[in-house]
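User: Please take a close look at the nonpolar core of this model, and explain it step by step for someone new to the structure.

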Amino acid sequence: MRAGCVGCGDVIETGWLRTTGAKWAARVGAAAMPLLLAATPAVAQEAAATGRPGAGFMPWFFYFVALASAIVGLVFAKRFYNEIMSKPEGDENMKMIAGFVRSGAYAYLWRQYSRVAIVFVCLIIVLSFMAYVLHVQHGIVPFAFLTGGFFSGLCGFFGMKTATNAAHRTTAGARESLNQGLVVAFRAGSVMGLVVVGFALLDITLWFAAMYFLGGGMSLSSITVVMLTFGMGASTQALFARVGGGIYTKAADVGADLVGKVEAGIPEDDSRNPATIADNVGDNVGDVAGMGADLYESYAGSILATAALGVAAAVSIFGDDVSANGFAAAMRLLILPMGLAGVGVLLSIIGIYMVRTEEGANLGQLMAALNRGIWGSSGLILVAALILCFLLIGVGFPDPGPGSVKPSWLGLWFSILAGLVAGLIIGKATEMYTSYDFKPTRELSAQAVTGPATVIIGGIAEGMKSTWASLATVIVAILVAFTTAGGAQDYMLGLYGVGIAAVGMLATLGITLATDAYGPIADNAGGNAEMTHQQPHVRQRTDALDSLGNTTAATGKGFAIGSAALTALALLAAYIDEVRMGMLHEAEAKVKQVVAADPSLKPDDAVPPIYLGYGKFALKVAGKASDLGNYRGLMCLNLRELRLYEAQGKITPGQRFARADLKESTDRDEEFVGTLKLGEESLNVVPVRKASMDQFMQFYNVTLMNPRVLCGLFAGVLLTFLFCALTMKAVGRAANRMMLECRRQFQQMREYLRSQGNDDAYIRNPDNWPRTPVEFRGQPIPDYANCVAISTAGAQREMIFPSLLAIIAPVAVGLIFGVAGVMGLLAGGLVSGFAVAVFMANAGGAWDNAKKYIETFGKITAAQFRSDPKVRESLPITVRDAIAARSELAASDDEIVYGKGSPDHKAGVVGDTVGDPFKDTSGPSLNILIKLMSMVSVVFAGLVVKFGPQIGELLQLGY
């Protein structure tokens with residue numbers, strides 16, 4: 001038995017292990033394994049030579065697994081791309097249309113990157129000022145920020161390049177068979193998936209190695225917190241890609257639909273519609289480049305946040321990450337998410353090869369083939385995660401001693417299971433509420449009988465209702481991940497469990513994103529078939545591929561939203577670690593200032609405690625002045641008494657204490673709370689490095705009764721709705737310009753036909769309009785380039801303010817309301833943003849597929865409905881009576897009473913038009929918004945820690 005393999009495109013024997021590609025993968029793995037085994041001990045020895053305790057063999061082995069997997073993923077992406085480029089391109093018309101789309105996509109992307117580059121330059125200047133002038137963060141931060149944005153943009157470029165080269169090849173494949181079309185489209189999507197996971201994991205592993213070996217002895221806490229800032233670059237680039245691409249594609253789509261379909265009665269993707277090329281370009285820049293950048297930053301953010309939480313959990317268990325046990329534990333918890341992601345890349349490749357069908361496969365068999373790859377790789381990652389958790393956590397993990405909790409390797413595996421299952425459930429729930437194979441969307445299509453108003457009402461209601469499934473799933477996933485990881489015994493371990501659940505959800509992103517990126521490629525293939533007038537069976541096949549793509553795209557959006565929620569929650573916890581580092585940098589700057597002003601002190605001397613103000617103290621132990629590890633910060637836990645002493649003049653900023661005044665505690669049961677003598681009084685202080693989450697919450701008064709927290713919560717909700725409003729209005733304005741241009745060109749087409757002496761009846765019939773560009777009054781009609789230019793200019797102009805708002809708001813809230821306000825902002829933005837994103841994505845998807853469900857019935861005339869019982873019985877029973885009444889009142893037998901061109905269809909198009917910015921602009925952008933707010937807060941935490949209390953005091957808000 002032989003079958004067509006979607007993953008490799010070769011003719012293979014049954015069983016993926018006998019494929020050419022799988023044999024090649026096995027050879028790569030066999031060649032890499034000796035290198036891993038040889039390199040791991042050598043690197044471990046070099047690590048020990050730096051003065052750190054030894055981490056052991058296993059963590060470094062899985063670090064190299066992650067690094068090697070990233071390279072293997074990129075190699076396979078290149079292999080798949082080469083296979084795509086070897087496929088037939090079709091006839092000259094197909095290549096010409098593809099060239100229009102490709103040139104438009106490149107023009108837009110380069111213009112977007114030039115705008116984003118300006119923003120990046122400005123942000124790098126700000127970050128450099130914070131690092132080298134204000135000394136509130138590490139000097140590597142600006143460079144880490146830059147690489148995050150660069151790789152995110154690079155993934156978008158490669159994904160779009162692949163998609164624009166694959167769409168017409170998919171059409172050419174569909175001329176041969178449905179399966180051949182799927183082969184090209186899915187392989188192209190696989191390139192996008194593997195590029196994203198490959199570059200993200202490569203960047204993370206290389207940055208870790210650079211800072212570990214070349215960072216001047218940086219602690220693991222410092223390394224992981226600095227690496228978090230890499231995510232801000234990815235999030236910033238992703239937001240511009242999502243917002244700009246979303247505005248572009250929906251401006252073109254809305255203009256093409258309302259003027260082309262509704263007003264002129266032209267089918268979708270018809271070459272007579274001047275906006276159709278811009279619409280196809282939009283699919284690439286929005287749904288391919290935008291989605292790739294979106295999931296790239298989710299993937300990277302989940303790994304980075306979980307690594308930081310792992311080190312924080314080790315500090316919580318052992319009291320530090322520099323002792324032998326603390327370091328060994330921190331390394332194992334830090335490497336686990338990297339190793340899991342690395343194994344996930346390899347298993348995603350296996351999943352891609354598991355996607356295979358017979359040549360004569362129908363749509364149901366194609367969907368089953370895609371599901372086999374996703375479920376197969378998901379099952380394999382669970383087995384691999386069980387082994388990984390056992391080897392890193394179950395074996396060789398240091399004993400924390402009595403009174404402390406040791407992480408459960410099986411509990412962490414259950415956390416991974418919770419995240420992975422949650423992703424699959426959210427994806428399935430999204431499919432059930434958006435696919436016309438299920439009741440909700442079919443009921444929505446039936447509401448089109450009474451016009452667009454009821455379609456819009458029904459879509460909004462269905463979108464709101466659909467949020468329960470995703471919200472309930474996330475609630476359960478968080479609880480399961482938190483408790484099974486040991487959150488009841490150690491709070492930081494529970495948060496680490498939530499982080500590792502996010503990594504588990506995204507572990508098989510290589511194939512999940514492949515199925516998602518497949519959708520817009522299939523959509524463009526359908527457009528190419530329509531515009532190049534392919535045989536009806538070709539268009540039917542591309543429509544089937546497009547329908548399959550709609551389901552996978554909706555599932556992908558749900559998956560992206562779910563991963564955003566868990567990632568943002570992990571980042572919310574990681575924010576406190578960045579606050580910790582911000583306080584240490586503040587202490588370092590103050591001590592250096594005191595040493596420079598005091599001739600009796602040398603840079604490497606120990607410096608007793610100095611009061612910084614606002615409940616914070618700085619000191620230094622003897623050692624190199626360049627080593628951040630020699631600086632200490634203290635937090636006062638009885639702030640009420642401290643404020644009283646300040647009012648009485650007993651303590652003032654800059655006041656220096658004797659070393660004997662400080663009595664530190666090494667007792668974990670007392671949470672390391674020591675005392676600092678102040679005359680006859682004493683203050684309770686805790687070292688910043690050892691402070692627990694509860695102590696930070698106490699110090700910053702993060703409670704619901706704190707007005708700062710409440711103001712932050714409201715600000716987070718405000719930002720969610722304001723962001724949605726700005727992006728929706730941006731689409732509306734850009735679409736308005738597109739519609740006016742389409743109307744202008746349609747009028748020119750009429751004038752062109754009139755100039756040739758045709759009568760009004762001939763001119764009004766769109767079937768007589770030119771299908772290929774003709775010259776009229778010195779301009780081509782239809783003029784595709786002008787519509788592309790309008791969408792490009794509109795997207796570039798409209799994307800700036802919403803995107804900058806997401807960057808500026810967290811900094812402004814932090815400086816005014818302090819750390820407590822930022823915690824409120826992130827919580828409010830996360831909860832409201834997640835719910836609104838699910839609502840908008842599902843409502844938009846339901847509207848889109850309700851319209852497509854009506855289109856599946858073709859064109860049913862009044863005569864057909866009255867005379868053919870099979871036609872009547874084929875219609876949904878909920879609309880038969882209404883269509884029967886309509887057919888009786890029809891002005892002629894040829895009047896369309898249902899299907900394409902009917903009043904129901906036009907109502908569905910209006911609903912779809914409303915849903916376009918819902919599901920493709922505002923909704924997906926909210927995923928990035930909630931993560932970007934977290935990332936910006938992380939990066940600017942040092943600034944907020946240092947200046948927030950001062951500004952709050954000036955505004956009479958206290959500190």
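Analyst: Contact here means heavy atoms within 4.5 Å. The model is predicted, and local features need pLDDT of at least 70, side-chain atom pairs count only at pLDDT 80 or more, and totals for chains, interfaces and linings use all residues. Residues are numbered from 1 along each chain as its sequence is written, while side-chain values use heavy atoms, with hydrogens and water left out.

With residues up to four places away in sequence set aside, Tyr 299 touches Val 197, Ala 200, Leu 201, Ala 341, Val 345, Leu 506 and Leu 509. Tyr 299 is also among the residues with the most contacts inside the largest nonpolar core, a group it shares with Phe 208, Leu 220, Met 338, Tyr 575, Phe 617 and Phe 696. That core has 307 residues, where a nonpolar core is a set of buried Ala, Val, Leu, Ile, Met, Phe, Trp, Tyr and Cys residues joined through side-chain atoms within 4.5 Å. Helix α22, which spans residues 800-855, gives the most to this core, with 27 residues; helices are DSSP runs (H or I, at least four residues) numbered from the N terminus. A second core, separate from the largest one, has 11 residues, including Val 595, Val 607, Ile 610 and Tyr 631.

Turning to a single buried position, Ser 190 is found in helix α5, residues 178-214. Ser 190 counts as buried because its relative accessibility is 0%, and buried means under 20% relative accessible area (1.4 Å probe, protein chains only). Leaving out residues up to four places away in sequence, Ser 190 touches Phe 80, Ile 352 and Ala 514.

Notes
Buried means under 20% relative accessible area, exposed over 50%, partly exposed in between (1.4 Å probe, protein chains only). Helices (H or I, at least four residues) and strands (E, at least two) are DSSP runs, numbered from the N terminus.
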